[in-house]
Each structure stands twice: as structure tokens, then as C-alpha cells.
Amino acid sequence: MAPANIPHAEAASTLAVITWSNEPLLFLTGDLTIIAASVSFCRTFQITPESVTGRRLSELGDGEWDMPRLGSLLKATALGSAEIQAYEIDLVRKDRKPRYLVLNARKLDEGDAGYVRILLAITDVTVARAEARQKDELLREKAVLLQEIQHRVANSLQIIASLLMRSARRVQSEEARGHLHDAHHRVMSIAAVQRHLAVYEPGDVPLRPYFVQLCESLGASMIFDPTRLSIIVTVDDSVAAANESVSLGLVVTELVINALKYAFPDYRRGTIAIDYRSIGANWTLSVRDDGVGMSTGADKPKPGLGTGIVEALSKQLGSVVRVDDGNPGTTITLVHDQAAGGDSDLPAAA
């Protein structure tokens with residue numbers, strides 16, 4: 001690697017720095033003759049050190065460095081009209097795997113127009129490119145698998161909902177039929193949640209379109225006369241993590257189903273309003289109806305499955321359930337406050 005046939009004497013310290021650099025480096029003249037190469041360069045590209053110095057770059061190895069475009073760029077660099085930065089090339093060698101390289105070249109200006117030197121740094125990114133491709137392939141496979149799982153889950157939910165409706169038509173007991181209809185509504189709402197989350201997962205979920213879609217699904221399956229009952233959704237620009245949005249959606253589902261079942265007997269007209277607002281980490285979710293209001297005393301219903309579901313989800317969300325007489329109707333509010341605490345006062349009918 002000692003310099004040979006080079007018309008200008010090079011500083012010994014410069015050559016030593018280049019030769020013993022840990023990075024693949026080439027020290028070139030303006031006509032791309034190699035003055036010195038680092039040990040790292042020779043080791044990386046399996047070139048005999050003694051065969052490097054004094055040769056043209058295009059003559060290295062078996063000619064794999066003979067790249068016209070690279071030569072033009074280096075000559076332009078020597079003239080000061082260009083500078084090579086992060087220039088990527090594929091080094092194709094006979095009987096060897098191609099290497100992917102990133103080149104940076106700079107002209108060393110010492111104020112003498114006849115004394116042109118170029119420092120060429122080579123970074124081998126073959127392993128990094130292979131890892132990036134592997135990562136991309138894994139991400140694509142993951143996306144395909146996730147899409148397939150979501151498709152199968154959606155199909156399974158539709159099958160379960162159909163079986164529940166078929167069973168509801170066959171049973172003689174009105175109570176059993178009601179339970180099967182409730183189960184069907186819950187499955188359909190979960191299907192709506194799953195369809196919506198499939199679009200946003202694993203990022204944050206915008207709650208306004210999410211609640212609107214969910215309530216549209218509930219209304220389509222439970223409200224047979226839209227002129228008599230309606231559901232209104234009011235949500236600010238809040239977003240929630242995917243797992244949190246699932247719990248919120250299930251709470252809304254249970255409370256809306258509860259209102260539709262109990263708040264509007266005897267073909268009473270009315271509205272169910274869902275409202276969600278947040279400030280920072282604190283949020284409030286309310287479901288209000290203008291129906292007949294809460295039953296009390298002996299008419300107070302026993303706790304049902306919906307009550308247990310809402311209480312469990314509220315606890316999971318770190319919120320407190322508050323029930324108020326809407327006069328008319330009932331308002332059930334979940335409040336999540338960093339400093340909040342206390343027990344739920346959810347009515348039994350939910």
C-alpha cells in the first residue's frame with residue numbers, strides 16, 4: 001500500500017491516517033489513480049494491498065469498480081463542480097454476491113490547481129439493506145396475516161349472529177327469545193367495533209366516526225321505526241388507544257341497548273344522546289335518554305348482564321359511573337378523572 005509512481009510527495013501522516021483507518025477509504029489523484037487505500041478497504045473487498053497503489057480505480061479487482069457514472073462523478077468532484085454525498089451503487093463481482101455501497105467523496109483543496117486529491121469513503125450497507133428488506137417482508141406478512149384474521153373474525157361474528165337469530169325464531173319462551181335478541185345485538189355491535197378498529201389498529205382511534213358507526217349499527221338492528229326513536233352522537237375531536245376504544249364502544253353498546261329496551265315502552269317516541277368530551281387525559285362519556293326514567297321500589301329491576309358488563313368496563317377504564325334523573329329520562333355518565341374515585345351507582349336495569 002506504499003505510494004508508487006505518484007508525482008507529488010504525500011505527507012506521511014496523511015497516508016498513515018488513511019492506511020490504518022477502520023473505514024474503507026481510497027485516496028485518489030484527479031485522474032482517479034489510487035495513492036493509498038485503507039487496510040479496511042482491502043479487507044472488505046478482498047483485494048491484495050500490494051495490488052492497489054498506483055492503479056486506476058477502474059482497474060481494481062476484476063474490473064468491478066469500472067463504473068462510467070461513478071468515474072464521471074469523481075472527475076467532476078476533482079474539478080470542483082460536484083460533490084458526492086451518499087451516492088449508492090451496487091458492486092457486482094464475478095462469482096460473489098453483490099454488495100450495496102454508499103459513497104462519499106470530497107476534493108482536498110490545498111490551493112494548488114495542479115495538486116488535486118480526492119478522499120473517497122465507502123460504506124458497505126449490504127447487511128443493513130438485507131435487514132431492511134427482511135423487516136419490510138415481515139411487516140407485509142404481518143399485515144396480510146392481520147387482514148386474514150380480521151376477515152375471519154368478521155365472518156365468525158356474522159355466523160354467530162345468524163345462529164342467534166335462528167335460535168331466537170325457534171324458541172317458545174319470550175324471555176329466552178329476548179335474551180337471544182340481546183346477544184344478537186351485542187354480537188352485531190362487536191362486529192361494528194371490529195370493522196372500525198381494523199382500519200385504525202394499532203394507532204389511536206378517532207372517536208367521533210367510531211361512535212357514529214357503532215350507533216348506526218345499533219339503530220339499524222334495534223330501531224324498527226326511525227321516526228319514533230333516534231340516536232344522536234356528539235363527540236369532540238378526541239382519540240383513544242385501540243384497547244380503550246373497544247371498552248368505550250362496548251359501554252356505549254350496553255347503555256344504548258338498555259335505553260332502547262326500557263326507556264320507551266308503549267311505542268313512546270324519544271331520543272338517545274351519546275356525548276363524549278375530553279380534556280387532556282380526563283374524559284366524560286354520557287348516554288342520555290328522554291324516556292320514562294328509572295324504575296324505583298318494587299318495580300326496580302334486578303341487575304342484569306349489561307350492568308355487570310358496564311361496571312367491569314368502567315373499572316377497566318378507570319372511570320366512575322354516575323346516574324342522574326334526566327327529568328325526563330335517565331342520564332348515565334362515566335367520568336375518568338386522574339383524581340376521581342368512588343363506587344359506581346349504575347342502576348340495576350342496565
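This briefing describes the sheets, nonpolar cores and aromatic pairs of one protein structure. The structure is a predicted model. One open sheet has five strands in the order E2-E1-E5-E4-E3, with antiparallel pairing. Another open sheet, also of five strands, follows the order E7-E9-E10-E12-E11, and its pairing is mixed. The largest nonpolar core holds 38 residues, and a second, separate core holds 28 residues.

**The antiparallel sheet**

- In the sheet ordered E2-E1-E5-E4-E3, the edges are formed by strand E2 (34–37) and strand E3 (84–91), each of which pairs on one side only.
- Neighbouring strands of this sheet are turned against each other by 25° on average, with direction ignored.
- Strand E1 (residues 25–29) and E2 run antiparallel and are joined by three bridges.
- Within this pairing, Leu28 has Ile34 in E2 as its bridge partner.
- Helix H3 packs on the sheet and touches E1, E3, strand E4 (99–108) and strand E5 (117–124).
- The direction of H3 makes about 160° with that of E3.
- Helix H4 (residues 126–170) lies across E3, E4 and E5, and runs at about 135° to E4.

**The mixed sheet**

- In the sheet ordered E7-E9-E10-E12-E11, E7 and strand E11 (320–325) are the edge strands, each pairing on one side only.
- From one strand to the next, the twist of this sheet averages 10°.
- Helix H7 packs on the sheet, where it touches E7, E9, E10 and strand E12 (330–336).
- The direction of H7 makes about 20° with that of E10.
- Strand E7 (residues 229–235) runs parallel to E9, and seven bridges join the two.
- In this parallel pairing, Leu229 stands opposite Gly270 in E9.
- E9 pairs with strand E10 (residues 282–289) in the antiparallel sense, over eight bridges.
- Along E9 and E10, Ile272 stands opposite Asp289, while Ser278 has Trp283 as its bridge partner.
- The hairpin of E9 and E10 has two residues between the strands, and Gly280 in this hairpin takes a positive phi near 60°.

**The nonpolar cores**

- In the core of 38 residues, the members that touch the most other members are Phe211, Leu248, Ile274 and Leu285.
- Helix H7 (residues 242–262) gives the most to this core, contributing eight residues.
- The separate core of 28 residues includes Ile47, Met67, Ala78 and Leu91.

**Aromatic residues around Trp65**

- The model contains six aromatic pairs.
- One of them joins Phe45 and Trp65 edge-to-face, with 5.3 Å from centre to centre and 85° between the planes.
- This pair links distant parts of the chain: Phe45 and Trp65 are 20 residues apart, and each lies in the loop between helix H2 (39–44) and helix H3 (68–79).
- Phe45 and Trp65 are both buried.
- Trp65 has a relative accessible area of 2%, and therefore counts as buried.
- Beyond its neighbours within four places in sequence, Trp65 has contacts that include Phe41, Phe45, Leu57, Leu70, Ile89, Leu101 and Ile122.
- Trp65 and Asp90 are separated by 25 residues in sequence, and their C-alpha atoms are 10.0 Å apart in space.

**Aromatic residues around Phe211**

- The ring centres of Phe211 and Tyr276 are 6.0 Å apart and the planes stand at 75°, so this pair is edge-to-face.
- Because Phe211 lies in helix H6 (residues 207–222) and Tyr276 in strand E9 (residues 270–279), the pair ties together parts that are 65 residues apart in sequence.
- Phe211 counts as buried because its relative accessibility is 0%.
- Tyr276, at 2% relative accessibility, counts as buried.
- Tyr210, Phe211, Tyr276 and Trp283 form one aromatic cluster.
- Apart from neighbours within four places in sequence, the contacts of Phe211 are Val233, Val235, Leu248, Gly249, Val252, Ile274, Tyr276 and Leu285.

**A charge over a ring**

- Arg117 places its charged end over the ring of Tyr115, at 4.1 Å from the ring centre.

Note on methods. Residues numbered from 1 in each chain as written. Predicted model: local features only at pLDDT ≥ 70, side-chain atom pairs only at ≥ 80, totals over all residues. Heavy atoms only, no water. Phe/Tyr/Trp six-rings, centres within 6.5 Å; stacked < 30°, edge-to-face > 60°. Helix = DSSP H or I, 4+ residues; strand = E, 2+ residues; numbered from the N terminus. Buried < 20%, exposed > 50% of the residue type's maximum accessible area, 1.4 Å probe, protein only. Lys NZ or Arg CZ within 6 Å of the ring centre and 35° of its normal. Core = buried A, V, L, I, M, F, W, Y, C linked by side-chain atoms within 4.5 Å. Contact = heavy atoms within 4.5 Å. Pairing = 2+ DSSP bridges. Axes fitted to C-alpha atoms, helices over the stretch in contact; angles between N-to-C directions.
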